[in-house]
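Work through the following exercises with the sequence and the model open beside you, and try each task before you read its solution.

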Amino acid sequence: MLYFTKLGIGNPSHDYYVQVDSGSNLFWVSCAECGKGCPDRSELKGVKLTLYDRNSSSTSKVVSCGDNFCTSPSIKEISDCKPDEKCNYHFEYEDKDKTSGYFVKDDVQFQKASGNFQTSFTSGSVIFGCGTQQSGNLNDPRAAVSGVIGFDQQNTTMLSQLAAAGKVRNKFAHCLDSTKQGGGIWAIGEVVEPKMKYTSPIVSNQSSYNIVVEKIEVGSDVIELPTSDGGVLDETSGSSSDQIIAVFDSGTTLAYLPPKLHEPIVKKILATEPGLKFKKIDNGMHPCFEYSKNIDEKFPIVKFTFKNSASLWVYPHDYLFWNDGAWCHGWMKSAGEDPDILLGDMTLSNKLVVYDLENQVLGWVDHNCSSSIKVKDDQSGSDYSVQYHNLASSDASNPRLLMSFVLLVTAAAAAMLQMISI
């Protein structure tokens, strides 16, 4: 399941539904110039697609190639800018979805926590992409939204821009509900409740949220960790080059394991219930089987242990999903020889996950994400409860296309802006 939220853009403001993604940096929405290159309808309940028209906003400005934003390293990687032209971009996601367009600057409106279970609106000026061409699942009407908002560590994200302007804290959190209700909360600022149970340092000098894996267990069995040279990691003397890295990525639905970890993990999970009858679903993309018993009682918990003895438990109801009359597991094999583990929503849901860029740590705690959390308003010093939201969901059978709404909220950092996200 992927998650999306609503925000306002322009003056006068219009509503846009955008996917939230901690694994990328680009914030973009489809523009009026897009035409047939962008989706014109969405089958998500309650979602109306809006094309951004910069000519109808009194505060919209085109970003030129000479702007400092356009000359930053992360933008130069995706732009073929020429002097005196618009700052353009061409971006490809890990799943091969593509977007291209040019950058504009305009006011973006968010919901702000203003009391217990109360929000008001606030705004900030942000540079974002005006998308003129989309491809892949971005154009699929079963899960079409108006754009994507990236939250990785690069200094060109919306969060980084607002934090640099002193308007928000440079930290955010999400609580994503993967139960039948779906939905959740995406909060910019400091979360004060629930308290984090585990924290682990973020690997430095990376754009994504990477932490070091020290142990993986399937039930009571410990999985041997491979090294870069193909051997097995000795946990007592492993060097930095032998470290196994896990990437936290809310923009990915399932979990991806390198081949040397995928086989033993999946083998041990399925060995707990011998004699399973497998069937091919989605052209064999997802390994599925018929099963009528309680999955949480019969299948093992998968436990990842990171630096600082921080443990993340992935329960059977997290990694098994119902699809076309069968249970399918979401442990996918990474393409090629990528040594990193990619942990998507399957493993991050039903937990409050905090991305603290100020202190360079990730934190998490199991939590009922269909309930509420508390955020701190740094302007007043007050703590406010924020309620879970769910606006719409898709009926797509492909888990890559399942979408669920979250509330985007800010908890103000400094004078002008306070944000809360769902």
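**Exercise 1: The chain as a whole**

Find how much surface the chain exposes and what share of it carbon and sulfur atoms supply. Solution: the chain exposes about 17900 Å², an area that comes from the Shrake-Rupley method with a 1.4 Å probe, and carbon and sulfur atoms supply 47% of it. Of the 422 residues in the chain, 55% are buried, where buried means under 20% relative accessible area and exposed means over 50%.

This is a predicted model, in which local features need pLDDT of at least 70, side-chain atom pairs count only at pLDDT 80 or more, and totals for chains, interfaces and linings use all residues. Residues are numbered from 1 along each chain as its sequence is written, and side-chain values use heavy atoms, with hydrogens and water left out.

**Exercise 2: The two sides of a helix**

Determine which residues of α3 are buried. Solution: begin with helix α3 itself, which runs over residues 259–271, helices being DSSP runs of H or I with at least four residues and strands runs of E with at least two. Next, pick out L261, H262, I265, V266, I269 and L270 as its buried residues. Because they cover an arc of only 135° around the axis, they lie on the same side of α3. Finally, the face turned away from this buried side carries the exposed residues E263, K267 and A271.

**Exercise 3: An open sheet**

State the order of the four strands in the open sheet. Solution: the order is β17-β18-β22-β21, with antiparallel pairing, and two strands pair if DSSP finds at least two bridges between them. The edge strands, β17 (277–281) and β21 (320–323), each pair on one side only.

Methods
The expected span of a helix is 1.5 Å times one less than its number of residues. Buried means under 20% relative accessible area, exposed over 50%, partly exposed in between (1.4 Å probe, protein chains only). The arc is that of the directions from the helix axis to the C-beta atoms.
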